[in-house]
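Me: I should like a close look at one part of this protein, namely its salt bridges and whatever adjoins them. Please go through it residue by residue.

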Amino acid sequence: MVKVVQLDNPVLRQKAREVAPEEIGTPQLNKIIDDMKKAMDACYDGVAIAAPQIGKSLRIFMVSPKAFIPPDEEITDEKLKKFKHLIFINPKITKLSTKTVRLDEGCLSVRGIFGKIRRSEKATIEAIDETGKKISRGASGLLAEIFQHETDHLDGILFVDKATDLYQLTQENEVPEKKSKNK
Ligand code: ZN
């Protein structure tokens, strides 16, 4: 089983390389995408993951169907079935709103630590999907936050580099329903 690598792993600090067009659709690349999916879905609180988080220094990230369920709603298998895992290969943020929001953020590779971070409220991204098709997507809310968090991962940046008021969640003060959207 592929595990999510943690803070001390140097792969998280590398600038990931672009995926070449001829790699799209190959069994090797599809295996990496499948491993990302398994590693993320094994985390009850995982809403997105970048390839470096499973030790692969490639410009790929994925968004879980969980990201599309409103934060105040319970996540059920039935609701999850309505959405697909979205895959972004060689993503580029093409637009960021000047309006920012201060968010509580966490990361699957920095387990137990949360902090306040300022992100643009809206973001637009261009990428190719797992079939090689060009995609462009604008987002606000959690998805916009994910776009920014994940593209940072591809450049070797972790949220703890930018966050303030870092705090540790222990089992005693953990509120899973509040802190259930890690990436
Ligand atoms: Zn992360």
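Which residues are linked in a network of salt bridges?

Reply: The network joins Glu 105, Arg 119, Asp 152 and Lys 162. The model is predicted, so local features need pLDDT of at least 70 and side-chain atom pairs pLDDT 80 or more, whereas totals for chains, interfaces and linings use all residues. Residues are numbered from 1 along each chain as its sequence is written, and side-chain values use heavy atoms, without hydrogens or water.

A search of the whole structure finds 16 salt bridges (a side-chain nitrogen of Lys or Arg within 4 Å of a carboxyl oxygen of Asp or Glu). Within the network, Arg 119 pairs with Asp 152, and their closest N and O atoms are 3.1 Å apart. Arg 119 belongs to strand β5, residues 110-120, and Asp 152 to helix α3, so this salt bridge ties together parts that are 33 residues apart in sequence. Helices (H or I, at least four residues) and strands (E, at least two) are DSSP runs, numbered from the N terminus. Arg 119 and Asp 152 are both buried, where buried means under 20% relative accessible area, exposed over 50% and partly exposed in between (1.4 Å probe, protein chains only).

A further salt bridge joins Glu 145 to Lys 183, with 3.2 Å between the closest N and O atoms. This pair links distant parts of the chain, for Glu 145 is in helix α3 and Lys 183 is in the segment after β8, 38 residues apart. Glu 145 is buried, as is Lys 183.

Lys 183 also leads to the metal site. The protein donors of the zinc ion are Cys 107 through SG, His 149 through NE2, His 153 through NE2 and Lys 183 through O, at 2.0 to 2.2 Å from the ion. Donors are N, O and S atoms within 2.8 Å of the metal (3.2 Å for Na, K and Ca), and sites may look incomplete because water is not among the atoms. Along the chain, the zinc donors follow the spacing C-x41-H-x3-H-x29-K. Cys 107, in strand β4 (residues 100-107), and Lys 183, in the segment after β8 (164-168), form a pair that links distant parts of the chain, 76 residues apart. Cys 107 is buried, and so is Lys 183. The angles among the four donor atoms run from 94 to 138 degrees, and the zinc site is irregular. Four donors count as tetrahedral if all angles lie between 85 and 135 degrees; four count as square planar and six as octahedral if opposite donors are over 155 degrees apart and all others between 65 and 115; anything else is irregular.

Another salt bridge reaches the loop that follows helix α3. Lys 15 and Asp 155 form it, with their closest N and O atoms 3.1 Å apart. Lys 15 is in the segment before α1 (27-41), while Asp 155 is in the loop between α3 (141-154) and α4 (159-162), so that distant parts of the chain, 140 residues apart, are linked. Lys 15 is exposed, at a relative accessible area of 61%, and Asp 155 is partly exposed, at 32%. The burial described above for Arg 119 and Asp 152 is thus not repeated in Lys 15, which counts as exposed because its relative accessible area is 61%.

The segment that holds Lys 15 is also the place of Pro 21. Pro 21 counts as exposed, at 66% relative accessibility. Between the C-alpha atoms of Pro 21 and Ser 136 the distance in space is 17 Å, and in sequence these residues are 115 residues apart.

Two backbone features complete the account. Asn 90 has a positive phi of about 50 degrees although it is not a glycine. Asn 90 lies in strand β3 and is buried, with a relative accessible area of 12%. Asp 165 likewise is not a glycine and has a positive phi of about 50 degrees. Asp 165 is found in strand β8, where it is partly exposed, with a relative accessible area of 49%.

Lastly, Lys 66 is placed in the loop between β2 (60-63) and α2 (77-80). Lys 66 is buried, its relative accessible area being 11%. The C-alpha atom of Lys 66 is separated by 25 Å from that of Thr 94, which is 28 residues away along the chain.
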